[in-house]
Amino acid sequence: MQLKPAATAMDGDGDGVRSHVKVIESARRRLRWPFDGVVRLLGLAFTLVAAVVVGVDNESKILSVTLTKSLPPIHFYASAKWQYMSAFKYFVVSNCIACAYAAVSLVYSVKTRGQKDDPMRSLLLISFDLIMVGLLFSADGAAAAIGIIGRDGNSHMHWIKVCGFFEGYCHHFTAALVISIAGSVMFLCLVVLSVLNLHKK
């Protein structure tokens with residue numbers, strides 16, 4: 001007679017534990033999603049701004065070059081645009097790709113925020129986030145290398161300091177590079193967040 005109530009109590013405790021676990025998992029999903037959505041939105045905004053700033057950045061000037069002191073200076077028209085350097089093209093295209101991916105993944109994250117986590121789906125999302133991290137950091141590194149040459153020149157290769165002539169162009173590009181690096185960090189945060197989430201399971 002006493003075993004039956006004990007079994008009933010045990011069943012009740014089991015239901016309570018399962019219910020408690022479900023509440024914790026639901027709260028974890030609700031807590032994680034706003035952070036995931038905000039970080040993806042920031043990644044979208046940073047990469048979009050970086051691509052636009054470099055895309056519209058151009059400067060034209062009439063430059064004067066003196067070959068020898070006995071000759072008058074030579075005047076010529078020159079302009080600086082991102083299309084002139086392969087590294088800058090790579091920078092703009094990479095940020096555009098990351099921006100488009102951030103928009104798609106943000107919509108996907110909004111639609112699946114109330115659903116149960118799927119390990120395969122999470123792993124696929126991590127893989128794409130990681131690809132964006134590599135893509136953006138490689139583009140930032142390539143653009144920064146060319147930017148340093150443009151700022152400091154290279155006496156061994158006889159490359160002049162381009163930023164000495166196109167200061168506005170270089171300042172805008174530097175700002176875009178910093179913004180793009182911030183976008184790269186946002187995608188890196190998404191990877192870390194997803195990995196920690198899988199580790200907790």
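This passage walks through the fold, the aromatic pairs, the cysteines and a nonpolar surface patch of the protein.

The model is a predicted one, so local features were taken up at pLDDT of at least 70 and side-chain atom pairs at pLDDT 80 or more, while totals for chains, interfaces and linings use all residues. Residues are numbered from 1 along each chain as its sequence is written, and side-chain values rest on heavy atoms, with hydrogens and water left out.

First, the overall layout. The protein has four helices and two strands, taken as DSSP runs numbered from the N terminus (helices H or I, at least four residues; strands E, at least two). Read from the N terminus, the order is α-β-β-α-α-α. Contacts here are heavy atoms within 4.5 Å; of those between residues at least 6 apart in sequence, 76% join residues at least 24 apart. The accessible surface, computed by the Shrake-Rupley method with a 1.4 Å probe and, for residues, with only the protein chains shown as cover, comes to about 12800 Å², and carbon and sulfur atoms account for 71% of that. Of the 201 residues, 31% are buried; buried means under 20% relative accessible area, exposed means over 50%, and partly exposed is what falls in between (1.4 Å probe, protein chains only).

Next come the aromatic side chains. Rings of Phe, Tyr and Trp (its six-membered ring) were paired if their centres lie within 6.5 Å, with planes under 30 degrees apart called stacked, over 60 edge-to-face, and the rest tilted. By that rule there are four aromatic pairs. One of them joins Tyr-101 and Phe-128, a tilted pair with 6.1 Å centre to centre and 35 degrees between the planes. Since Tyr-101 sits in helix H2 and Phe-128 in helix H3, the pair ties together parts 27 residues apart in sequence. Tyr-101 is buried at 14% relative accessible area, whereas Phe-128 is partly exposed at 38%. Tyr-101 also pairs with Phe-187, again tilted, at 6.2 Å centre to centre and 35 degrees between the planes. This second pair links distant parts of the chain, with Tyr-101 in helix H2 and Phe-187 in helix H4, 86 residues apart. Phe-187 is buried, with just 2% relative accessibility. Elsewhere, Phe-88, Phe-91 and Phe-173 make up one aromatic cluster.

On to the cysteines. No disulfides turn up in the structure, a disulfide being a pair of cysteine sulfur atoms within 2.5 Å. For Cys-96, the nearest cysteine sulfur is that of Cys-99, 7.1 Å away, and Cys-96 is in no disulfide. Cys-99 is likewise unpaired, with the sulfur of Cys-96 as its nearest. Cys-96 is partly exposed at 43% relative accessible area, while Cys-99 is buried at 13%.

The surface carries a nonpolar patch of about 460 Å², built from Phe-137, Ile-181, Val-185, Leu-188, Val-192 and Leu-196. Patch residues have over 30% relative accessible area and no salt bridge; nonpolar side chains (Val, Leu, Ile, Met, Phe, Trp, Tyr) are joined within 5 Å, like charges within 9 Å. A salt bridge here is a side-chain nitrogen of Lys or Arg within 4 Å of a carboxyl oxygen of Asp or Glu. Helix H4 (residues 167-200) gives the most to the patch, with five residues. Val-185 lies in helix H4 and is partly exposed, at 33% relative accessible area.

Finally, Arg-113 belongs to the loop between helix H2 (86-111) and helix H3 (119-152). Arg-113 is partly exposed at 48% relative accessibility. Its C-alpha is 9.1 Å from that of Pro-34, although the two residues are 79 apart in sequence.
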